[in-house]
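Subject: Structure handover and notes

Dear colleague,

I am passing the structure on to you below, and after it you will find my notes on what was found in it. Please read them with the coordinates open beside you.

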There are 2 protein chains.
Amino acid sequence: MSHTSINPSTLLAPTPVVLVGCATQAEKANLITVAWVGTVNSKPPMVSVSIQPIRHSYHLIKESGEFTVNLVSRELLHATDFCGVKSGRDMDKFAECNLTAIKAEGLTLAPAVEESPLYLSCKVRESLNLGSHTMFVGEIVHVGVRSDLIDEEGKIHLNKANLVAYAHGNYYGLAERLGFFGYSVARPEVFKRRMEEG
Amino acid sequence: MSHTSINPSTLLAPTPVVLVGCATQAEKANLITVAWVGTVNSKPPMVSVSIQPIRHSYHLIKESGEFTVNLVSRELLHATDFCGVKSGRDMDKFAECNLTAIKAEGLTLAPAVEESPLYLSCKVRESLNLGSHTMFVGEIVHVGVRSDLIDEEGKIHLNKANLVAYAHGNYYGLAERLGFFGYSVARPEVFKRRMEEG
């Protein structure tokens, strides 16, 4: 199993792909599709999103200091791809994509996407200019889960959300569940029970 | 489609899950499993990995200023889960998991994983203490692709790598390809050709 050298490039995969919502008081709500996004801290929970300064949404986030991260299901993929190639300078992306802007709990300006399975309300805590992109580190101040994905005991069933991943320029659905964190050291009866639970 | 409020938490999904390789001159090579990883810049290409200071690997990366990011296939998943729950203070993870440490091109100390489909050699450019985790931002100075995943024309076939994603405590395979970046605005003949190419 030898490796071939190729030019350095952004080949981490799979990555998430999300709709980032943003707005200012002067500018109407916008959406930008971001795959350069990741969890960066657990306590407090934080995510980073990296955006080119040339993008319309960059200024909205810079000025407002807030954004939402909206997870993407298969049903949202067409709109998500569209929001990645078009600019909010030229159109109202919510209207164009038939998406509904709702109030993101915990934030003042940035909207969440009603059709998204789950959204994170984020307040910018750091921003770092890294070259082509500026990385905004946002603290997750609120999470909204689509009500059909959470049961009466408060357990979240994200496996029912039909989430999409991104890898090397392509979008993929998620396939079967292969294990859970810690499965490699779980006792056989625990492994069996947890895998059956789904 | 209403949303239910839950406590703020790290619910970005799906995320990557990778094996991070690291070493110092004094300490032997180690592996740590990281899902808090993301692409953060395109030019130059950069990734961030977030690690708790209590982890053995934290000091190895802090001291050496380098690490590798090794993508995870289904074949590597058991070892990857194991490397996420065990500490390199107590064992040689490469030996324990039957993995092979190879030289990572472009780096001095941190090893790559021979069995991984693709590795990124990274040099630390920034580090940010965010609370529970420190985020290391690494510039990707080299990429190694397993030779069976790249054809004679240099095209990478990452879809053959059987990559794994992580979502809300569970590991999933990738399912079918749903589209490519820009598919929502592609002309019908381009869409057809690109989707057939795979």
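Let me begin inside chain A, where the buried residues of helix α1(A) are covered by elements of chain A that include the strands β3 (18-22), β4 (30-34), β6 (46-51), β7 (66-71), β10 (118-129) and β11 (134-146). Please bear in mind throughout that this is a predicted model.

The helix itself spans residues 56-64 of chain A, and among its residues A:Ser57, A:Leu60 and A:Ile61 are buried. These residues lie on the same side of α1(A), because the arc that they cover around the axis is only 95°. That agrees with the general rule that an α-helix has 3.6 residues a turn, so residues three or four places apart point the same way. Just after α1(A) comes A:Gly65, which takes a positive phi of about 70°.

Turning to chain B, strand β12 (residues 164-167) has B:Val164 and B:Tyr166 pointing one way and B:Ala165 and B:Ala167 pointing the other way, and all of them are buried. As a general matter, the side chains of a regular strand alternate between the two faces of the sheet. Strand β12(B) pairs with strand β2 (residues 15-16) of chain B in the antiparallel sense over two bridges, with B:Thr15 standing opposite B:Tyr166. Strand β12(B) is also joined by four bridges to β13(B), again in an antiparallel arrangement, and here B:Ala167 stands opposite B:Asn170. Two residues lie between the strands of this hairpin, in which B:His168 takes a positive phi near 55°.

As for how the chains meet, 84 residues from chain B and 84 residues from chain A take part in the contact. On the side of chain B that touches chain A, strand β13 (residues 170-180) of chain B gives the most, with 11 residues, and by class that side has 46 nonpolar, 28 polar and 10 charged residues. Strand pairing also crosses between the chains, since strand β1 (residues 3-6) of chain A runs antiparallel to strand β11 (residues 134-146) of chain B and is joined to that strand by four bridges, with A:Ile6 standing opposite B:Val143.

Finally, a turn of 180° and a shift of 0.0 Å along the axis lay chain B on chain A with an RMSD of 0.0 Å. The two copies are therefore related as by a two-fold rotation axis. Both copies use the same surface, as 100% of the contact residues of chain B recur in chain A.

With best regards

Notes
Residues are numbered from 1 along each chain as its sequence is written. Chains are lettered from A and ligands numbered from 1 in the order in which they are written. This is a predicted model: local features need pLDDT of at least 70, side-chain atom pairs count only at pLDDT 80 or more; totals for chains, interfaces and linings use all residues. Two residues are in contact if their C-beta atoms, placed from the backbone, lie within 7 Å. Ala, Val, Leu, Ile, Met, Phe, Trp, Tyr, Cys and Pro count as nonpolar, Asp, Glu, Lys and Arg as charged, and the others, Gly among them, as polar. Two strands pair if DSSP finds at least two bridges between them. A residue is buried if 20 or more other C-beta atoms lie within 10 Å of its own, exposed if 12 or fewer, and partly exposed in between; C-beta atoms are placed from the backbone. The arc is that of the directions from the helix axis to the C-beta atoms. Copies are superposed by least squares on the C-alpha atoms of residues with pLDDT of at least 70 in both.
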